[in-house]
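Thanks for coming, everyone. I'll keep this short. Please have the viewer open while I talk.

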Amino acid sequence: MSIIVDENTKVIVQGITGNEGAFHAKQMIQYGTRVVGGVTPGKGGQIFNGVPVFNTVRVAVVSTGASVSAIFVPPAFAGDAIMEAVDAGVSLVVCLTEGIPTLDMVAVKQYMKGKDVKLIGPNTPGIISPGKCKIGVMAGYIHKPGRVGIMSRSGTLTYEVVDQLTKMGIGQSTCVGIGGDPIIGLTFVDLLEMFEKDEGTDGVVIIGEIGGRAEEEAAEYFRMNMKKPVVAFIAGLTAPPGRRMGHAGAIVSGGVGSASDKIKALESAGITVVKNPAEIGETVRGRS
Amino acid sequence: MKIHEYQAKGLFRTYNIPVPQGAVAKTTEEAFRIAEEIGKAPFVLKAQVHAGGRGKAGGIRIINRLGDVKNTAAGLLGMTLVTPQTGEEGKPVQALLVEETLPVEKEIYLGIVIDRQRACPVVIASAEGGMEIEKIAAADPEKVLREEVDPAVGLRPFQAGRIFYGLGLDQSLSRRMISVILNLFRLFVEKDCSLAEINPLVVTKSGELVALDAKINLDDNAFYRHQDMESLRDINQENHLEVEASKYNLNYIKLKGNVGCMVNGAGLAMATMDLIKLVGAEPANFLDVGGGATSEMVKQGLKILLYDKDVKMVFINIFGGILRCDTLAEGVVKAVDELIIDLPIVIRLEGTNVEEGRKILAGSGLSFTVATGLKDAAEKVAATLEQLQNVKGVM
């Protein structure tokens, strides 16, 4: 079992004829993801990477029956692309784009209110249910099907953790990058709820970082609602305050978002926090 | 991106938010001329740096006689101002804001930021202006007023009104105060700000409402639709290595330690810094060459690292995933060869064709310490440090 996506998930790719979109659509197809179409305005009617291209998301969804859209569209147009996917009635949008203006995301979240749709990202490596479905830019081969759920605000650090687990023989049910931006779709809390209910997940790894309060909220949710074990790592203990550490959302500002506060909140809720990033795999093994 | 107070006040003028009479000076003569134009002493000279805490650091001077303006300006211009927010290296003062002084009756805090959880702008105000809003909030949260903005309709006048009444100001100020709040919100949205703050917004003894200070941070991601805003960047306020790195789209932040690190991806870069600290050393920097690091990025990143003379060893940590490690390893070898690096380098590569990549590193004739996995890398960094300590006594 897994959460959100599996072997039956049908995916379209917005921006499929662009550099990034084309490369990763191909990688996704090779992994076994059911990519059923793509969208590039003005290129409708072409066949690309063996799948049909449409001018609009609505036509793509109606023609293919896709329920998920993966967005590889430049930042200036990505907010609009998310709204187009939402309007077309998909149940999940995965936005890989980095660099979307914050106020565009404010508008996107407003537009999504009351609609039955989930957003992953933006600025995310995507989501993968190993062996079933990969929607994103992560390397498929480092993953292994299994029973640990992973959620993260980072890309390569997630690969690092997955790699440590896989090399120990510990597989993953689903790995989700929630995104490194200040305003994102699904949060740690949303995912904890899904992992807690998922029969195919025995425990969860949270890979957090400085900035915002997502980890504090996850800690509170865990304390009130969860029985499955959770292990966490927070990146950025050595990050200076007031500086944006690469990700738009990774900044300690106004006294909010320091790694030590997050670690304190997680530990006091009963979550095992790993201090050494080289020991995340071992810690998970010890807990399972 | 941060901008200067005088630039923020320029935006305030455009948006009909009252500011003190004054202008920016880059020379002592200009400072004198502006003061002369203001006419009535005392004047205030404010050092323009990208940091708060200027007053206590001596960056804000009140001058009682026109004749003293040049002298004081000469003392400020060219100095390096060190405040609690600049770090010990300080920021250069290359411009002064010369303004009239106003008799202050009351100081108010007014600011707009994005609420990440609620995904909307929020207006924050307090009748206890003049100090940092975090300190007000920590001391007495009830003194902080908040109005969340519905993005569909923007900030409504009734919300601005609610802030006005919450602040307990004299009724005669209502129309002006509401207009300042609404105008600041319009500025926030139209210029894609991540912070717009007036602290303090003052009521003068003569009953005027004036923005005594101004702080605006802009959303870098929105520059493509604000060409005029990018010209407000002052690279002299930034670390020169960070400026150099930004030319190559590298995310670099200079820190105090001496272990240079180069990593792909922000999260892994932070985790790598933390790891360096755990083995008993201090990271010299944060450097993210991008999730999909290329050989060229690695080369540019190495160059930046080597400009930093504090760096005594380098730790390269690339988790490529889809990236081919053999290509990347060739790039690293070439870069190290070209740049003639004689510092010890610990390198950890992971990704497609990793074995071939490690072979290329090992067979390059260069003295790399090749690590497999993060744990091994941490041990090798620690061992290298120990060696340096023993041999050169540099760490």
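I'll take the two chains in turn, then the cysteines, then two histidines.

Some ground rules before that. This is a predicted model, in which local features need pLDDT of at least 70 and side-chain atom pairs count only at pLDDT 80 or more, while totals for chains, interfaces and linings use all residues. Residues are numbered from 1 along each chain as its sequence is written, chains are lettered from A and ligands numbered from 1 in the order in which they are written, and side-chain values use heavy atoms, with hydrogens and water left out.

Chain A, then. Its secondary structure comes to 9 helices and 14 strands. Those are DSSP runs, numbered from the N terminus: helices are H or I with at least four residues, strands are E with at least two. Along the principal axes, the C-alpha trace of chain A spans about 55 × 40 × 30 Å. What radius of gyration would a compact globule of 288 residues have? Near 19 Å, and chain A has 18 Å, so the two agree. That radius is taken over C-alpha atoms, and the globule rule is 2.2 Å times the number of residues to the power 0.38.

How much of chain A is buried? The figure is 62% of its 288 residues. Buried means under 20% relative accessible area, exposed means over 50%, and partly exposed is in between, with a 1.4 Å probe and protein chains only. Now contacts, meaning heavy atoms within 4.5 Å. In chain A, of the contacts with a separation of 6 or more, 73% are between residues 24 or more positions apart. The accessible surface of chain A is about 10,200 Å², and carbon and sulfur atoms hold 51% of that. Areas come from the Shrake-Rupley method with a 1.4 Å probe; for residues, only the protein chains shown count as cover.

On to chain B. It has 13 helices and 18 strands. Its C-alpha atoms fill a box of roughly 80 × 50 × 40 Å along the principal axes. Of its 395 residues, 53% are buried. For chain B contacts between residues at least 6 apart in sequence, 67% join residues at least 24 apart. The accessible surface is about 17,200 Å², with 49% from carbon and sulfur atoms.

Next, cysteines. A disulfide is a covalent bond between the sulfur atoms of two cysteines. The cut-off here is a pair of cysteine sulfur atoms within 2.5 Å. How many disulfides does the whole structure hold? The search finds 0 over all chains. Take A:Cys133: its nearest cysteine sulfur, in A:Cys175, is 12 Å away. A:Cys133 is buried, at 1% relative accessibility. Why is B:Cys261 not bonded to the closest cysteine, B:Cys325? Because the sulfurs are 19 Å apart, too far for a bond. B:Cys261 is buried as well, with a relative accessible area of 1%.

Last, two histidines in chain B. B:His226 sits in the loop between strand S12 (215-218) and helix H7 (227-230). Buried or exposed? Buried, at 8%. Leaving out residues up to four places away in sequence, B:His226 touches B:Glu190, B:Lys191 and B:Asp192.

B:His4 lies in the segment before helix H1 (5-14). Its relative accessible area is 3%, so B:His4 is buried. With that same sequence exclusion of up to four places, B:His4 touches B:Gln48, B:Val49, B:His50, B:Asp234 and B:Gln237.
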